Amino acid sequence: MRSHFVRAYPPAQADLAARRWLLFRGGELVVLGTDGQAAFIEEGGQLDLAEGTPLYLGALNDVAYTALELAPDAPLPPGARTVGLRALYGQLGDEEFSIAGYASQMLLWRRSSRFCPVCGAPTEPVGGDWGRRCSSCGFARYPQISPATLALVHDGEQVLLTHKPGWGPMYSIIAGFVEPNESLEACVHREVLEEVGVEIDTVIYGGSQGWPFPAQLMVGFSCRYAGGALAIDTQELDDARWFHVDSLPPLPGKISLSRQLLDAWIRSQGRETPL
Ligand SMILES: [Zn+2]
């Protein structure tokens, strides 16, 4: 029994009797089960899989997981429904939710890597991994991941939260993409300074998370406020302010690393985390 997901790479094929299908239709996943409890389609269901090319992803607990993109008008199996990846959070176990995000990214990679970005010729598999090599000029590429940092800036019992237009009452921590040839630490200092104008020190790693919307890697840090008055980047934000741990605004959903960092900080202040 494999207790964690073991990734497979082309040209490997599913060699297990038990199979589950990560079917995507119109950008959403096809699942069984009623709202709040989802399950992937099992092999042998009443499903016509003749169309499309399956993408074998790997195995978990001796079950093979294969992704497949259905035509937008493909009929659903009896009892199935479609649901967006983000809305699937909490309806599956953590491992299967993670596999669903992986499937989404690999299908995106397959759609976007068929031609060489240098000369436009068709690409072919490198073999042994997900890489694709140009059949004409030889340029090779691999699945793209965009790293981004999250910065929780704290000062005693206060935390610095930001707000973007369209967020409603929710506030969150500072986030930004890593620039080419930039360290994660340098990115955190730069983003905090750019977005809210303050200096920080004691930058401590707090965890990371794949974020398949569409292909980010979020890396979280907590940072101690070290000086400077708030000066908001109004291109990005419409508010930023200090909140006391006992009077926090609505926070992001539990799915996000932002929220997990905030919950860890709230607990470090001896408080209960909000629902
Ligand atoms: Zn080329």
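Tutor: Before we start, a quick cut-off: buried means under 20% relative accessible area, exposed over 50%, and partly exposed in between. Keep in mind that this is a predicted model.

Student: Is Cys119 buried, exposed or partly exposed?

Tutor: Cys119 has a relative accessible area of 41%. Buried needs under 20% and exposed needs over 50%. That value fits neither, so Cys119 is partly exposed.

Student: And Cys116, buried or exposed?

Tutor: Here the relative accessibility is 4%. The limit for a buried residue is under 20%, so Cys116 counts as buried.

Student: Which residues are the protein donors of the zinc ion?

Tutor: Look for the SG atoms lying 2.3 to 2.4 Å from the metal. In sequence, the donor residues follow the spacing C-x2-C-x14-C-x2-C. The donors are Cys116, Cys119, Cys134 and Cys137.

Student: What arrangement do the four donor atoms make around the zinc ion?

Tutor: Check the angles they subtend, which run from 98 to 118°. Four donors count as tetrahedral if all angles lie between 85 and 135 degrees. The angles here fit that window, so the arrangement is tetrahedral.

Student: What is the strand order in the open sheet of three strands?

Tutor: The pairing in this sheet is antiparallel. Strand 8 (123–125) and strand 10 (140–141) each have a single partner strand, so they stand at the edges, with one side of each left without a neighbour in the sheet. Reading across, the order is 8-9-10.

Student: Which residue in strand 9 stands opposite Glu124?

Tutor: Strand 8 and strand 9 (residues 132–134) pair in the antiparallel sense over three bridges. Across from Glu124, in strand 9, you'll find Arg133.

Student: How many bridges join strand 14 to strand 15?

Tutor: Strand 14 covers residues 199–211 and strand 15 covers residues 216–227, and the two run antiparallel. A hairpin of four residues connects them, and Glu199 sits opposite Gly227 in strand 15. The bridge count is ten.

Student: What span should helix 1 have, at 1.5 Å a residue?

Tutor: Helix 1 takes in residues 94–112, 19 residues in total. The expected span is 1.5 Å times one less than the number of residues. The end C-alpha atoms are 27 Å apart, which agrees with the expected value of 27 Å.

Student: What distance separates the centres of domain 2 and domain 3?

Tutor: The chain is divided into domain 1 (6–112), domain 2 (115–143) and domain 3 (146–268). Taken over C-alpha atoms, the centres of domain 2 and domain 3 are separated by 37 Å.

Notes:
Residues are numbered from 1 along each chain as its sequence is written. This is a predicted model: local features need pLDDT of at least 70, side-chain atom pairs count only at pLDDT 80 or more; totals for chains, interfaces and linings use all residues. Side-chain values use heavy atoms; hydrogens and water are left out. Two strands pair if DSSP finds at least two bridges between them. Domain bounds come from an automatic or database domain assignment. Donors are N, O and S atoms within 2.8 Å of the metal (3.2 Å for Na, K and Ca); water is not among the atoms, so sites may look incomplete. Four donors count as tetrahedral if all angles lie between 85 and 135 degrees; four count as square planar and six as octahedral if opposite donors are over 155 degrees apart and all others between 65 and 115; anything else is irregular. Buried means under 20% relative accessible area, exposed over 50%, partly exposed in between (1.4 Å probe, protein chains only).
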